[in-house]
Amino acid sequence: MINYIDEFRDIKKVKYFAERIKEVNPDKNINLMEVCGGHTITILKYGIQELLPGNINLISGPGCPVCVTAVDFIDMAIELSHRRDVIVATFGDLIRVPGTNSSLELERAKGANIKICYSPAEALKYATKNPEKEVVFLGIGFETTAPSVAVTILNAYSNKVRNFSVLSSHKVMPPAMKFLLDSGEVNIDGFICPGHVSAITGPRIYEFIAKDYGVPCVVSGFEPMDLIETIYMLVLQIREGRAKVENQYKRTVRREGNSKAQEVMSEVFEPVSVRWRGIAEIPESGLKIRKKYSDFDAVEKFDLKFKRGMENPSCICGEILKGVKTPLECRLFKKVCSPENPVGACMVSSEGACAIYYKYGAR
């Protein structure tokens with residue numbers, strides 16, 4: 001019987017690809033950016049950077065959905081939690097993300113009605129059991145989590161659940177990757193593309209990056225062998241002067257992606273400009289609930305107006321998310337800012353670069 005974990009952690013296979021990388025390694029500096037927190041964990045946990053030639057640099061990008069959730073979204077969620085008739089339902093890793101002056105965790109300690117849920121379906125079920133309260137689910141995440149929220153909205157629509165809505169801060173990855181390339185703040189020679197997102201969308205969403213920018217992209221799995229093979233595939237493309245979208249994660253990611261998930265996302269959501277914490281407002285990088293389902297859009301339902309929030313001026317989370325700096329360059333890291341006392345969002349989530357550096361050490 002095959003052990004599907006050990007198979008992709010086989011040190012011999014990892015070393016094989018590490019040697020192949022050395023063989024095809026071009027004589028120039030190469031910056032490869034991963035845009036998934038799960039990849040960053042594997043890279044640091046298993047010391048992938050240490051297996052690479054010195055001219056190949058791995059950069060952590062905006063791949064943590066909690067980390068890129070804007071301050072104004074947290075502030076709005078806190079404002080909602082102060083309403084007596086509202087219950088705010090949220091994923092647990094969002095509760096400690098700092099807003100301008102507070103966090104959902106601190107407000108809950110003061111008595112705000114905030115409930116941790118493991119899924120949007122759980123929040124909808126809670127709404128049906130508490131018809132006297134308005135339940136607002138905080139919808140965050142990339143293309144990976146958006147389908148489940150879309151399905152929940154469709155269920156609420158079909159079952160006429162009137163006391164449920166979603167405050168959406170869902171984001172999509174390609175516009176952010178385009179923004180990073182256009183900004184020119186970091187020289188990116190190749191993208192390690194997110195496996196979970198690509199399982200929903202398919203790899204084709206990155207084709208414009210290869211075509212228009214000449215930057216190769218490879219969709220990667222999450223085990224050590226996945227990452228080292230992905231890096232080999234990218235370095236080989238760079239060596240040969242190619243820029244294509246390739247799929248290393250074929251055991252999970254299909255070219256067409258998950259068509260059913262794409263359909264429900266398209267039915268419920270439409271593109272909108274949205275702010276990424278510490279980065280900028282990126283055109284068409286967010287998902288807004290369509291007018292047909294506006295009864296389940298918390299912004300419409302409560303006539304909410306987003307106000308520009310204020311981040312801690314000492315926190316460099318935005319620079320870290322853009323790959324301009326690493327957590328080691330933040331003067332708060334491990335001194336003032338820690339998982340027990342997070343100053344910035346990158347230290348809150350287990351997929352945040354600062355939390356990963358804190359747990360597994362420097363590259």
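How many residues sit between S10 and S11 in their hairpin? Hold that thought for a moment, everyone.

First, the ground rules. This is a predicted model, where local features need pLDDT of at least 70, side-chain atom pairs count only at pLDDT 80 or more, and totals for chains, interfaces and linings use all residues. Numbering starts from 1 along each chain as its sequence is written, and side-chain values use heavy atoms, with hydrogens and water left out.

Okay, the hairpin. There are 3 residues between S10 and S11, and Gly-278 in the turn has a positive phi of about 75°. Helices (H or I, at least four residues) and strands (E, at least two) are DSSP runs, numbered from the N terminus. Strand S10, residues 269-276, pairs with S11 in the antiparallel sense over 7 bridges; two strands pair if DSSP finds at least two bridges between them. One pair to click on: Val-272 has Gly-286 as its bridge partner in S11.

While you're there, look at Glu-284, which is in strand S11, residues 280-289. Glu-284 is not a glycine, yet its phi is positive, about 50°. Most residues other than glycine have a negative phi. Glu-284 counts as exposed, at 54% relative accessibility (buried is under 20% relative accessible area, exposed over 50%, partly exposed in between, with a 1.4 Å probe and protein chains only). Lys-334 also has a positive phi, near 65°, in a residue other than glycine. You'll find Lys-334 in the loop between helix H13 (317-321) and helix H14 (353-360).

Now the sheets. One is an open sheet of 5 strands, ordered S2-S1-S7-S8-S9, with parallel pairing. Strand S2 (56-60) and strand S9 (245-247) each have a single partner strand, so one side of each is left without a neighbour in the sheet. On average, neighbouring strands here are turned by 20° against each other, direction ignored. Axes are lines fitted to C-alpha atoms, for helices over the stretch in contact, and angles run from 0 to 180 degrees between N-to-C directions. Inside that sheet, S7 (residues 190-193) and S8 (residues 217-219) run parallel, joined by 3 bridges, and Ile-192 has Val-218 as its bridge partner in S8. Helix H2, residues 37-45, lies across S1 (30-34), S2 and S7, at about 125° to S1; contact here means heavy atoms within 4.5 Å.

Next, an open sheet of 4 strands: S4-S3-S5-S6, again with parallel pairing. Its edge strands are S4 (114-116) and S6 (164-168), each pairing on one side only. Neighbouring strands are turned by 30° against each other on average, direction ignored. S5, residues 134-139, is joined to S6 by 5 bridges, and helix H5 (residues 120-129) packs on the sheet, touching S3, S4, S5 and S6, with its direction at about 175° to that of S5. Helix H3, residues 71-81, lies across S3 (86-90), S4, S5 and S6, running at about 155° to S6.

Last stop, a helix pair. The axes of H1 (residues 11-24) and H10 (residues 224-240) come within 9 Å and cross at roughly 15°. That makes H1 roughly parallel to H10 (angles under 35 degrees count as roughly parallel, over 145 as roughly antiparallel, 65 to 115 as roughly perpendicular and the rest as oblique). Residues meeting there include Phe-17 and Ile-21 in H1, and Ile-228 and Tyr-232 in H10. That's my tour, thanks.
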